[in-house]
Amino acid sequence: MNTAAPPSLGGLYDVIHRRRDTRREFTGAPIADDVLMRVLSAAHAAPSVGMSQPWDFVLVRAPETLAAFRDHVAQERAVFADTLSGERAEVFARIKIEGICESGLGIVVGYDPTRGGPQILGRHAIDDAGLYSVICAIQNLWLAATVEGLGVGWVSFYREEFLRSLVDMPDHVRPVAWLCVGQVADLPEVPDLERYGWRNRCPLDTVVHEERYRPR
């Protein structure tokens, strides 16, 4: 199957395929304010169910807050590591999952299900549509950051209640992601999880179905 893009569309597809979950490449150099605002504006331009725009972005730069979150993530990484053995444990030990302090900026993305009022057009049958909207905003942010030459690392080794308390999110706002965002020396050609042998990207034809879902 030929998946090459026409030359007129190559820029978009190039960015999609260059996007990486960055960890060890952060330089710590600050992001210019206008660049950061462009990236956040791209996130805010995402589609949302019922035009609810249910996202919030908390910008975290204070070294003590970055360090507190780093320490929490290290504890949770150790909890996960204790569930592994053999080859899986060896591979995981080589994978860096942080970048929290090295990036210099954490963006905590929150989901506010009350945004837009009690009746959200399009969410009556699928309540998670609001959460899906926030994920669209994160993807917009990630692609815009890639265009700007920035790296993004999505940290998921945390307990939601800890992160909510750390950045003073109210109880009804769910912390969906901590994104490490910053200047990078480069972006790796191969994603880290592939490079270290944790998991490879599966071929497209293993996930595409015609008319009905067919077990593989």
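Which residue forms a salt bridge with Glu148? Select Glu148 and look across to Arg38: the two are joined in a salt bridge, and their closest N and O atoms are 2.7 Å apart. Keep in mind as you click around that this is a predicted model.

**Stop 1: the Arg38–Glu148 link**

Colour the two residues by the elements they belong to. Arg38 sits in helix H2, while Glu148 is in the loop between H6 and strand E3 (150–155), so this pair ties together parts of the chain that are 110 residues apart in sequence. Turn on a surface and you will find both side chains partly covered. Arg38 has a relative accessible area of 42% and is partly exposed; Glu148, at 27%, is partly exposed too. Now add Asp34 to the selection, since Asp34, Arg38 and Glu148 are linked in a network of salt bridges.

**Stop 2: helices H2 and H6**

Stay in this region and show residues 33–44 (H2) and 129–147 (H6) as cartoons. Two packed helices are described by the angle between their axes and the distance between the axes. Here the angle is about 145°, and the axes of H2 and H6 are 7 Å apart. The crossing of the two helices is right-handed. To see what fills the contact, display the side chains of Val39, Leu40, Ala42 and Ala43 from H2, then those of Ala137, Asn140, Leu141, Ala144 and Ala145 from H6. What is the make-up of this contact between H2 and H6: nonpolar, polar or charged? Its residues divide into 8 nonpolar and 1 polar, with no charged residue.

While H6 is on screen, pick Tyr132, which is also part of that helix. With a relative accessibility of 48%, Tyr132 counts as partly exposed. Try a distance label from its C-alpha to that of Pro54: the two are 78 residues apart in sequence but 9.9 Å apart in space.

Next, step back to Asp128, in the loop between strand E2 (106–111) and H6. Asp128 is partly exposed, at 40% relative accessibility. Label the C-alpha distance from Asp128 to Pro113 and you should read 9.2 Å, for residues 15 places apart along the chain.

**Stop 3: Ser103, a buried serine**

Select Ser103 in helix H5 (residues 100–103). Is Ser103 buried or exposed? Its relative accessibility is 4%, so Ser103 counts as buried. Show the backbone atoms around it and look for two oxygens. The side chain of Ser103 reaches the backbone oxygen of Gly99 at 3.1 Å, and a polar atom of that side chain lies 3.2 Å from the backbone oxygen of Leu105. Then bring up the residues that Ser103 touches beyond four places away in sequence: Phe26, Gly28, Cys180, Val181 and Gly182.

**Stop 4: helix H3 and His72**

Move to helix H3 (residues 63–81) and centre on His72. His72 has a relative accessibility of 7% and therefore counts as buried. Which residues is His72 in contact with, leaving aside its neighbours within four places in sequence? They are Phe157, Tyr158, Arg159 and Phe162.

From there, select Asp71 and Arg70, whose side chains meet in a salt bridge at 3.1 Å, N to O. Asp71 is partly exposed at 38% relative accessibility, and Arg70 is partly exposed as well, with a relative accessible area of 31%.

**Stop 5: a salt bridge within H1**

The structure holds 11 salt bridges, and another one to visit joins Asp14 and Arg18, at 2.9 Å from N to O. Look along helix H1 (residues 10–18): because Asp14 and Arg18 are 4 residues apart in this helix, about one helical turn separates them. Asp14 is partly exposed at 39%, and Arg18 falls in that class at 33%.

**Stop 6: two positive phi angles**

Finish with a pair of backbone oddities. Go to Asp168, in the loop between helix H7 (160–166) and strand E4 (174–183). Its phi is near 60°, a positive value in a residue other than glycine, and Asp168 is exposed, at 67% relative accessibility. Then jump to Glu211, in the segment after helix H8 (192–195). Glu211 is not a glycine, yet has a positive phi of about 70°. With a relative accessible area of 71%, Glu211 is exposed.

How values were computed. Residues are numbered from 1 along each chain as its sequence is written. This is a predicted model: local features need pLDDT of at least 70, side-chain atom pairs count only at pLDDT 80 or more; totals for chains, interfaces and linings use all residues. Side-chain values use heavy atoms; hydrogens and water are left out. Axes are lines fitted to C-alpha atoms, for helices over the stretch in contact, and angles run from 0 to 180 degrees between N-to-C directions. A crossing is left-handed if the near helix is turned anticlockwise from the far one by less than a right angle, and right-handed if clockwise. Contact means heavy atoms within 4.5 Å. Ala, Val, Leu, Ile, Met, Phe, Trp, Tyr, Cys and Pro count as nonpolar, Asp, Glu, Lys and Arg as charged, and the others, Gly among them, as polar. Buried means under 20% relative accessible area, exposed over 50%, partly exposed in between (1.4 Å probe, protein chains only). A polar contact is a pair of N or O atoms within 3.5 Å; within protein, one must be able to donate a hydrogen and the other to accept it, and residues adjacent in sequence count only if both atoms are side-chain atoms. A salt bridge is a side-chain nitrogen of Lys or Arg within 4 Å of a carboxyl oxygen of Asp or Glu.
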